[in-house]
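Let's take a look at the pockets here, one after the other. Which residues line them, and which helices and strands do those residues come from?

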Amino acid sequence: MSRCGGSIVGARYAAVMAAVLALAGCQRAPPPTPAPAPDARAARIEATLQRLYVDSQAVGLVVAVVEDDQTEVRGFGHPGPLDPAPTNGKTLVRLESISKLFAAQLLAAEVADGRLRLTDPLTLYAPKGWAARRRRGAQPIELLNLATHTSGLPRESGLRPGLAPVAAAEARWAWLGRQRRLPPPGRRALYSNIAFDVLGDALADAGGAPYPEALAAAVMRPLGMADTTPSPTPDACARLMSPDPLRPPHPCVDQSDYAASGGLYSTADDMALWLKAQLAPGAAADARRISQAIYVQRAALAAAVGLDHAGPASAIGLGWIEQTASATHPRILEKTGGGDGFLTYVVIDPARRVGVFVAFDNVSGKRMEPVTADANDLVGLLGAP
């Protein structure tokens, strides 16, 4: 277990220290002060963390928790069935679709810097010579549509993964140019991975650098997130948690070709840094206000598909999914991820500066629902007095 900024559920040692000081000053110390009764709130938090691991039915799980300025990282189980070492804050995991939140953060930063606008048409950032042959008068896809799953693009493009980044971008734009009957953007929400990959291409064009480089310069390096990347080093790969043992193995490879939609690797230590930045005190910076705002109300859509993995979505932000308050948690922003042997989840309550990140190695047992419910309950407990 690794911690930074203080422990959320640690014990208090004031009485013990008082006794030690007394012994140093005289021959007979006063009777020791009785130990305080266990903190009921801390006990509930610990029980929820333990339940989260049990409900995951995973070999290994890592979790990062942020409350105000305090962070705690916990590891449960082992990095793999044949690895007796405990998981910890340095255990590498695949973020899967939580990667979309990083693309959205870069989008918000470039909007705040004036490099682009959310209402910009995607075609403004198309490769030179590219032209879409859509029907006359068709409504253009805006960057905001891409980031809120309202672009009309399908979930997947069917393109082969594993291409070099430049070749992957070329293939995406060639695919997009062949689409003739896309539904009009803005009317329905359909969860789309290809939309975020094309958004990553647009962000690279606007920033004048390949997407992974632009993302690292804007997010990872300023926060010191050394292990968050689509192309981990051999040392980092040696720390990768094994994927679901019931699924085919997934080697630790460069995933830059789909970094914007699901290709990032990270650790619980890095995600604790990221969560703390998302929940920093004081007035939110322009980029954070943009990235955590809500742009599409579910009630205004004709349909919404693929948004309810962690509970009923009430609205959509830039990658974030909003859930209204329930009996066990306040209004939250959340994002799920899954694939390549991992399930991941991140949830924040910006108003009370609380956040939780979870990653584990069980995609076979339909464990997303109970684990996200536990994480949401944990946010409710952490934000309570």
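## Second pocket: what lines it

This is a predicted model. Start with the second largest pocket: its lining splits into 15 nonpolar, two polar and six charged residues. The volume comes to about 410 Å³. There are 23 lining residues here, and Pro165, Ala169, Arg172, Asp201 and Ala204 are the ones closest to the pocket's centre.

Which elements give two or more residues to this lining? They are helix 5, helix 6 and helix 7 (211–223). Helix 5 is the top contributor to the second largest pocket, giving six residues.

## Largest pocket: space and centre

Now for the largest pocket, which holds about 690 Å³ of space. Its lining runs to 31 residues, and the closest to the centre are Glu156, Asn193, Tyr258, Ser261 and Gly262.

Sorted by class, the lining of the largest pocket has twelve polar residues, ten nonpolar ones and nine charged ones.

## Largest pocket: who supplies the wall

Helix 5 (165–177) and helix 6 (193–207) turn up again, each supplying at least two residues to the lining of the largest pocket, and strand 11 (332–339) does so too. Which element has the largest share of that lining? That's strand 11, with five residues.

So much for the separate lists; now put them side by side. Helix 5 and helix 6 are among the contributors to the largest pocket, and both also give two or more residues to the second largest pocket.

Conventions
Residues are numbered from 1 along each chain as its sequence is written. This is a predicted model: local features need pLDDT of at least 70, side-chain atom pairs count only at pLDDT 80 or more; totals for chains, interfaces and linings use all residues. Side-chain values use heavy atoms; hydrogens and water are left out. On a 1 Å grid over the protein atoms alone, a cavity is a set of points where a 1.4 Å probe fits but cannot get out, and a pocket is an open set with protein on both sides within 12 Å along at least five of seven lines; lining residues have an atom within 4 Å of a point. Grid points are joined across faces, edges and corners, and a volume is the space filled by probe spheres set on the points. Helices (H or I, at least four residues) and strands (E, at least two) are DSSP runs, numbered from the N terminus. Ala, Val, Leu, Ile, Met, Phe, Trp, Tyr, Cys and Pro count as nonpolar, Asp, Glu, Lys and Arg as charged, and the others, Gly among them, as polar.
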